[in-house]
Amino acid sequence: MGVIFPAEWHRQESVLMAFPHEKSDWAKDLGAALTPFVRIASSIAWNQPLLLLCDDAVKTKELFCDTRNITFVELPTNDTWTRDYGPITVYDNGERKFLDFIFDGWGGKYEAALDDAVTRHLVERGYLYGGYERIEMVLEGGSVETDGLGTLLTTASCLLNPNRNPEMAKEAIEERLRETLGVSRILWLHHGKLEGDDTDGHIDTLARFVDERTIAYVTCDDPLDPHYEPLKEMQKELESFKTPGGDPYRLVPLPLPEAIHDETGRRLPATYANFLITNHTLLLPVYGDRRDKETAELFRRLFPGREVIPIDCRKLIEEGGSLHCSTMQIPSYYQAT
């Protein structure tokens, strides 16, 4: 059977999140930061279990009207982006295994020692049940997309960046990905990156598998926008990719939200590609943009079996991430057949 890296739409046991706290980057406006996190957590916990990392379980519980599906885990963290330091889960010969890659704060940009230890602590304390393997390679969950059938979609700007694994050539990185994730094909994007993105171009801000044959990707229709040309080049790359059967992918363009800037004038990385698929819902980040409504309708057509829940993520992008970045799905213990 070998190793299988399941797609996000694979049946999930739970979702992992971490809440802002007074020692995180959210400290300067903690009250406002909690609002979108509570909204995301409540939307997930409405119909499936949620593992919620926090510094004070009693105080955090008080933020929720209903806690029946939430397990509050007191565990120290540096930040809230569990997508990048949470476990990357695979099935190894049918058995669930949590892969614990090195997380170094996106190439050493931020302190990350506490976040890097989260997966190990969750396994040791029994919150995650299955095999465990520490992988001595830097890899963030937001940097890889899978169709669940052996195809990996990723960006050269992140995985081949010398601030991640400087001792590893492209061939060595590909071999390690095949070995640990069980993938047989790696599709590299060499173009596309959002301004304000600290991750060096995570794939989950740019292009996402919707199903085995469909990729939703960010576009820009304003020739004066600095994203226009790079995203056009990314589109050409996506058009050249083929499914395992040799057919072109069905490509679904997502509009780029209008520019949002912080108080210093820095553009923030708003993107509709940072959605989360759960067992029964599609959580969609929105930004108070004129395109929010039409994009939600687009996702309702893409995911007819799931409820689409728009969540205002303008606060999240102030710290460089969005909805998907703040979550990590935990696939079911039993491998789908």
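User: What stands opposite Ala 216 in E12?
Analyst: Arg 208 stands opposite Ala 216 in E12. This is a predicted model: local features need pLDDT of at least 70, side-chain atom pairs count only at pLDDT 80 or more, and totals for chains, interfaces and linings use all residues. Residues are numbered from 1 along each chain as its sequence is written, and side-chain values use heavy atoms, with hydrogens and water left out.

User: What makes E11 and strand E12 joined and antiparallel?
Analyst: Strands (E, at least two residues) and helices (H or I, at least four) are DSSP runs, numbered from the N terminus. Two strands pair if DSSP finds at least two bridges between them. E11 and strand E12 (residues 214-219) run antiparallel and are joined by 4 bridges, so the condition for pairing is met. With 2 residues between them, E11 and E12 form a hairpin.

User: Why is strand E11 called mostly covered?
Analyst: Of the 5 residues of strand E11 (residues 207-211), 4 are buried. Buried means under 20% relative accessible area (exposed is over 50%, partly exposed lies in between; 1.4 Å probe, protein chains only).

User: Why does His 324 count as buried?
Analyst: His 324 has 1% relative accessibility, so it falls under the limit for buried. This residue sits in the loop between strand E16 (307-312) and E17. Contact means heavy atoms within 4.5 Å; leaving out residues up to four places away in sequence, His 324 touches Glu 8, Arg 83, Asp 204, Arg 208, Asn 274, Phe 275 and Leu 276.

User: What makes a polar contact with the side chain of His 324, at 2.7 Å?
Analyst: The partner is the side chain of Glu 8, at 2.7 Å. The side chain of Arg 208 is another partner, at 3.2 Å. A polar contact is a pair of N or O atoms within 3.5 Å (within protein, one must be able to donate a hydrogen and the other to accept it, and residues adjacent in sequence count only if both atoms are side-chain atoms).

User: Why is Ser 143 called buried?
Analyst: Its relative accessible area is 0%, so Ser 143 is buried. Ser 143 lies in the loop between strand E7 (131-138) and strand E8 (144-146). A polar atom of the Ser 143 side chain lies 2.6 Å from the backbone oxygen of Glu 140. Residues that touch Ser 143 include Leu 153, Cys 158 and His 202.

User: Why does the span of helix H9 agree with its 13 residues?
Analyst: The expected span is 1.5 Å times one less than the number of residues. For helix H9 (residues 228-240) that gives 18 Å, and the end C-alpha atoms are 19 Å apart, which agrees. The buried residues of H9 are Tyr 228, Leu 231, Met 234, Gln 235, Glu 237 and Leu 238. Their cover includes strand E10 (185-189), E11, E12 and strand E13 (250-255).

User: Why does Val 73 count as buried?
Analyst: Val 73 has 0% relative accessibility, so it meets the limit. It lies in strand E4 (residues 70-74). Val 73 touches, among others, Leu 51, Leu 122 and Tyr 127. The C-alpha atoms of Val 73 and Ile 4 are separated by 28 Å, with the two residues 69 residues apart along the chain.
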